[in-house]
Amino acid sequence: MSDGRLSVFKTYKLYVGGKFPRSESGRVYEVTDSKGKWLANAPQSSRKDARDAVVAARKAFGGWSGATAYNRGQILYRVAEMLEGRREQFVREVADAEGLSKSKAAAVVDAAVDRWVWYAGWTDKIGQIVGGANPVAGPFFNLSTPEPTGVVAVLAPQESSFLGLVSVIAPVIATGNTAVVVASAGAPLPALSLGEVLATSDLPGGVVNILSGSTAELAAPLASHQDVNAIDLTGADAGLAKELEIAAADNLKRVLRPQAVDTADWSADPGTLRLTAFLETKTVWHPTGALGASGSSY
């Protein structure tokens, strides 16, 4: 610079348990733009980092799943607000990561903000869509209600899609799950910056945990981890996905296989597929009839 001042380069860190640790391994790797120009050093997460992220996600699950759907919607909307406030930063990072012009990167960021709002609006409505009263031949009420699966490992899209990243994280937490996210290995910077947005948006620490590094190295221990309840294979190639499905079967994890949209257009209407992918259905039977003296049904 002409005045002799040195630029302050950003130090990218992981986002685990609401904090920003460096990788336990101390490793970093170079991240470059689409033309091979150096952008930053990103943390090279280890298997220990992945296990720590699962612990944080499990610790956060009780409070997050127990929050009202309306409250979760408020927080997701707050994420959209905070992302909108940092729009210029993300336009720059997305342009570098995805090799886009500034105008196209701006459109991607705007779509990502809108996607958070979309899922914020679904938090208190999805239960009415997939739950309800079931007709039975007998003097009973039979009610089905959706409940979150638990801790979900999410392999983010590898094609440097920020909109894709948001599209795989938001539905998981909208329904009360917590997430361990493995960012795109080649373009992790927008994902790591998203952690800063989440940390300032009232989202409890541990609800979303973001790791960067080798997808294959991190996905293997997550798929076999006994305290991970489900895995989204969006960011895995066919060979890795097959290995992870086998590992996930050890404790009967839910597995979401890549859909056609995952390799096509993330801007398409997302529908409710990802909202329902990590929900369990609880069915309750209750007798009907006259109330006894105690006030209970019989």
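On one side of helix α9, Ala-238, Lys-242, Glu-243 and Ile-246 are exposed in this predicted model. The buried residues of this helix, which spans residues 238–248, are Leu-240, Ala-241, Leu-244 and Ala-248. These four lie on the same side of α9, because the arc they cover around the axis is only 100 degrees. The cover over the buried residues of α9 includes the strands β5 (151–155), β8 (230–232) and β9 (254–256), together with helix α8.

Helix α8 also takes part in a helix pair. Helix α1 (residues 47–66) packs against α8 (residues 215–224) with the two axes 9 Å apart and an angle of about 45 degrees between them. At that angle α1 is oblique to α8, since it falls in neither the parallel, the perpendicular nor the antiparallel range. The crossing of the two helices is right-handed. On the α1 side the contact is made by Arg-47, Ala-50 and Val-54, and on the α8 side by Glu-217, Leu-218, Ala-220, Pro-221 and Leu-222. By class, these residues are 6 nonpolar and 2 charged, with no polar ones.

A second helix pair is formed by α2 (residues 69–85) and α4 (residues 102–122), whose axes come within 8 Å and cross at roughly 170 degrees. An angle over 145 degrees counts as roughly antiparallel, so α2 is roughly antiparallel to α4. From α2, the contact involves Gly-73, Leu-76, Tyr-77, Val-79, Ala-80, Leu-83 and Glu-84, and from α4 it involves Ala-112, Val-113, Trp-116, Val-117, Tyr-119 and Ala-120. The contact of α2 with α4 contains 11 nonpolar residues, 1 polar and 1 charged.

The two pairs are set out below.

| Helix pair | Axis distance | Angle |
|---|---|---|
| α1 and α8 | 9 Å apart | about 45 degrees |
| α2 and α4 | within 8 Å | roughly 170 degrees |

Two loop residues have backbone angles that deserve a note. Most residues other than glycine have a negative phi. Asp-202, in the loop between α7 (189–199) and β7 (208–211), has a positive phi near 75 degrees. With a relative accessibility of 56%, Asp-202 counts as exposed, because the cut-off is over 50%.

Leu-252 also has a positive phi, near 55 degrees. This residue sits in the loop between α9 and β9. Its relative accessibility is 74%, so Leu-252 counts as exposed. Both elements flanking that loop appear in the description of α9 above: β9 is among the elements that cover the buried residues of this helix.

Note on methods. Residues are numbered from 1 along each chain as its sequence is written. This is a predicted model: local features need pLDDT of at least 70, side-chain atom pairs count only at pLDDT 80 or more; totals for chains, interfaces and linings use all residues. Side-chain values use heavy atoms; hydrogens and water are left out. Axes are lines fitted to C-alpha atoms, for helices over the stretch in contact, and angles run from 0 to 180 degrees between N-to-C directions. Angles under 35 degrees count as roughly parallel, over 145 as roughly antiparallel, 65 to 115 as roughly perpendicular and the rest as oblique. A crossing is left-handed if the near helix is turned anticlockwise from the far one by less than a right angle, and right-handed if clockwise. Contact means heavy atoms within 4.5 Å. Ala, Val, Leu, Ile, Met, Phe, Trp, Tyr, Cys and Pro count as nonpolar, Asp, Glu, Lys and Arg as charged, and the others, Gly among them, as polar. Buried means under 20% relative accessible area, exposed over 50%, partly exposed in between (1.4 Å probe, protein chains only). The arc is that of the directions from the helix axis to the C-beta atoms.
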